[in-house]
Amino acid sequence: MTDALIVIDIQNDFCPGGALAVPDGDQVIGRVNAMMSESGSVILTQDWHPEEHLSFASNHPGAAAYDMTEMPYGPQVLWPDHCIIGTPGAEFHPDLRTDRADLIIRKGFQAQIDSYSAFLENDHKTPTGLHGYLQTRGLKKLTIVGLAFDFCVLYSALDAVTLGYEVTVIEGACRSIDLDGSREAALTGLRKSGVTLA
Ligand code: VGL
Ligand code: ZN
């Protein structure tokens, strides 16, 4: 078994009623739970931010949610406060099967740097440790699903192909935030990258 299912950020804050709700985000859960039964290994990611995280508009005086800012590592969207460590919004959606997970990887816990990708933080250099884990377990074929398609799923998939994995994104088991055409841009980017879209 060299395959792993990577389930991105199916947390309360990304589901309807949450602080950064992805439209119909909860609609993928049934399908994702079913996929877990067919996968050799299951890995969940959890967006996990301290209150003072610099991706939050609230930590930039005068800024509004969804404004852009410049970070030392490049442009960054300013988000509403979400997935704050220890809050209900940061917990997995109660319908998500978490018992099948071999590993839960948390990301975005350093206040100065955001982390969309499950592999590398937004400076595209700082590792989360997931690559080392997959390598030492010999897991090479990755299926990526979850929230949001056009941010954390996208960057996870792009980093995964760059790192040499065979990567499939199941679009039907993902939902998008769709900020200024980000869903279309994500589709275009994935098609060019060598990721299989299914
Ligand atoms: C995400 C924006 C901010 C995601 C996380 O999971 O796609 N998007 N933090
Ligand atoms: Zn976040």
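What follows is a short walk through one predicted model, from its sheet and core to the ligand site and a few single residues.

Let me begin with the sheet, since the rest can be placed against it. Six strands make up an open sheet, and reading across it the order is 5-2-1-6-7-8, with parallel pairing. At the edges are strand 5, residues 103-107, and strand 8, residues 196-197, each of which pairs on one side only. Strand 1 and strand 6 are joined in the parallel sense over six bridges, and if you look along that pair you will find I8 opposite G146 of strand 6. Helix 1 lies across strand 1, strand 2, strand 6 and strand 7, and its direction makes an angle of about 145 degrees with strand 7.

That brings me to the core. In general, nonpolar side chains of soluble globular proteins tend to be buried together. Here the largest nonpolar core has 49 residues, and V153 and A157 are those with the most contacts inside it. Several elements give two or more residues to this core, among them strand 1 (3-8), helix 1 (29-37), strand 6 (141-147) and strand 7 (166-175), but helix 3 gives the most, with nine residues. Which residues does V153 touch, once those up to four places away in sequence are set aside? They are I8, I144, G146, A148, V169 and C174, and you will recall that I8 and G146 stand opposite each other.

A148, one of those contacts of V153, deserves a moment of its own. A148 sits in the loop between strand 6 and helix 3, and the peptide bond that joins L147 to A148 is cis, with omega at about -15 degrees. Both of these residues also belong to the surroundings of ligand 1, which are made up of D9, F14, D47, W79, Y116, L147, A148, F151 and C152. Sorted by character, that shell divides into seven nonpolar residues, no polar ones and two charged ones.

Now to the loop between strand 1 and helix 1, where I would like to set two residues side by side. I10 is found in this loop and counts as buried, because it has 28 C-beta neighbours inside 10 Å. Leaving aside its neighbours within four places in sequence, I10 is in contact with I29, V32, F92, H93, L96, G146 and L147, so that L147, from the cis bond, comes up once more. D24 lies in the same loop, between strand 1 and helix 1, but D24 counts as exposed, because its C-beta neighbours inside 10 Å number 12. The phi angle of D24 is near 60 degrees, a positive value in a residue other than glycine.

A positive phi near 60 degrees is also found at H124, which is in the loop between strand 5 and helix 2. Is H124 buried, exposed or partly exposed? With 14 C-beta neighbours inside 10 Å, H124 counts as partly exposed.

I will finish with another histidine, H53, whose place is in the loop between strand 2 and strand 3. H53 counts as buried, because 24 C-beta neighbours lie inside 10 Å. Beyond four places in sequence, H53 touches N59, G108 and A111, and its C-alpha atom is separated by 7.7 Å from that of I113, although the two residues are 60 apart along the chain.

Technical notes
Residues numbered from 1 in each chain as written. Chains lettered and ligands numbered in written order. Predicted model: local features only at pLDDT ≥ 70, side-chain atom pairs only at ≥ 80, totals over all residues. Core = buried A, V, L, I, M, F, W, Y, C linked by C-beta atoms within 7 Å. Buried ≥ 20, exposed ≤ 12 C-beta atoms within 10 Å, placed from the backbone. Helix = DSSP H or I, 4+ residues; strand = E, 2+ residues; numbered from the N terminus. Contact = placed C-beta atoms within 7 Å. Near = placed C-beta within 6 Å. Nonpolar A, V, L, I, M, F, W, Y, C, P; charged D, E, K, R; others polar. Pairing = 2+ DSSP bridges. Axes fitted to C-alpha atoms, helices over the stretch in contact; angles between N-to-C directions.
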